Amino acid sequence: MTTVTTQIKLTPEHSARPGVSMRSRLQDALPKIVLAPSFAITVVFVYGFILWTVYLSFTNSKTFPSYALTGPRAYQRLWRWTFESDPPSSWYTSIINMGIFGFLYIFICLALGLFLAILLDQKIRGEGMLRPIYLYPMALSFIVTGVAWKWFLDPGLGLEQTLHQWGWTSFHFDWIKNKDFVIYTVVIAGVWQASGFIMAMFLAGLRGIDGEIMKAAQIDGATTFQLYRRIVIPLLRPIFLSAFIVLAHLAIKSYDLVVALTSGGPGGSAWLPSNFMYEYTFKRNEMAVGSASAVIMLMTITAIIVPYLYSELRERPR
């Protein structure tokens with residue numbers, strides 16, 4: 001008689017003990033448990049206060065919040081200050097400065113960042129030393145940048161005074177004291193700080209381009225200018241878009257750079273919307289008006305970021 005022994009192999013599901021399943025559940029839930037406090041804090045202290053600010057913009061809040069709704073009076077005041085005030089209001093000045101600063105800041109940073117990235121992409125000697133030099137300003141806070149450039153541009157102790165001591169007494173550079181040119185000193189300081197970071201973004205994009213495409217274009221007789229104009233720069237379109245989003249966000253919310261560099265400028269001539277919002281909310285006891293200006297800033301940033309996110313999410317499935 002032959003005895004046949006049948007061995008049954010148990011699958012992990014059959015052999016698993018109750019404790020193992022509980023352990024796996026805890027492992028799956030651990031990331032959610034760890035992230036839950038930060039998620040809750042973000043919801044309350046970011047999105048909760050955004051909604052609270054929107055609510056206050058429709059009230060008659062002054063020094064302290066008022067929860068009685070009065071309609072869009074604060075927005076109507078900003079509208080009148082923008083289009084109907086004579087002489088120009090501080091809000092109108094802030095809007096004009098935002099246009100000047102935003103356009104020059106974004107355009108120069110993009111152009112200078114791309115130029116520096118193309119130079120470094122030529123595998124020049126000392127590239128490893130130049131990259132951190134260009135990137136170093138971005139490691140500084142806007143307060144440090146503003147104070148440093150204030151010392152440099154102040155006619156009494158900076159560039160003008162130094163050149164006068166060297167004998168060039170006819171040199172004058174008083175933009176930081178001139179209400180018509182003070183906003184351009186903010187552009188100079190902002191470009192100095194951000195252009196290195198934009199350079200790093202473009203350099204990463206250039207290093208990601210397939211070298212075979214470049215070689216094929218060179219074999220076909222393309223000059224260096226044609227190579228960058230017709231092949232390289234079009235391939236960097238996603239980098240341009242990302243850099244634009246970053247710069248636009250920084251430009252709209254700029255506050256500390258203006259305060260540290262110009263203290264608002266002569267008569268508030270260097271104000272940006274963020275400076276207007278702080279001044280009216282905490283110094284002039286017009287919390288509703290300040291909240292309305294903050295909501296307008298938020299809507300401006302949203303109008304820039306939402307189309308970018310939509311294009312990214314639409315292209316991802318492809």
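Reader: Where is the kink in α8 centred, and about how many degrees is it?
Author: The kink in α8 is centred on A194 and amounts to about 35°; the angle is taken between axes fitted to the seven residues ending there and the seven starting there. Helices here are DSSP runs of H or I with at least four residues, numbered from the N terminus. Please note that this is a predicted model, in which local features need pLDDT of at least 70 and side-chain atom pairs count only at pLDDT 80 or more, while totals for chains, interfaces and linings use all residues. Residues are numbered from 1 along each chain as its sequence is written, and side-chain values use heavy atoms, with hydrogens and water left out.

Reader: How many residues does α8 have, and what does it reach from its first C-alpha to its last?
Author: α8 has 26 residues and reaches 38 Å, close to the 38 Å expected at 1.5 Å a residue (1.5 Å times one less than the number of residues).

Reader: How many residues of α8 are buried?
Author: Of the 26 residues in α8, 19 are buried, and the helix is mostly covered. Buried means under 20% relative accessible area, exposed over 50%, and partly exposed in between (1.4 Å probe, protein chains only).

Reader: What about S195: buried or exposed?
Author: S195, which lies in helix α8, is buried because its relative accessible area is 7%. S195 touches C109, L112 and G113, leaving aside residues up to four places away in sequence; contact means heavy atoms within 4.5 Å.

Reader: And the largest nonpolar core, which residues have the most contacts inside it?
Author: They are F101, Y105, I198 and L247, in a core of 47 residues. Such a core is a set of buried Ala, Val, Leu, Ile, Met, Phe, Trp, Tyr and Cys residues joined through side-chain atoms within 4.5 Å.

Reader: Which element gives the largest share of this core?
Author: That is α8, with 13 residues.

Reader: Which residues does Y105 touch?
Author: Not counting residues up to four places away in sequence, Y105 touches V187, G190, V191, A194, L247, L250 and A251. A194 is also where the kink in α8 is centred. Apart from this core lies another, of 10 residues, among them A74, L78, W81 and W271.

Reader: New topic: where is H249, and why is it called partly exposed?
Author: H249 is in helix α11, and it is called partly exposed because its relative accessible area is 31%. H249 and A294 are 45 residues apart in sequence and 14 Å apart in space, C-alpha to C-alpha.

Technical notes: Helices (H or I, at least four residues) and strands (E, at least two) are DSSP runs, numbered from the N terminus.
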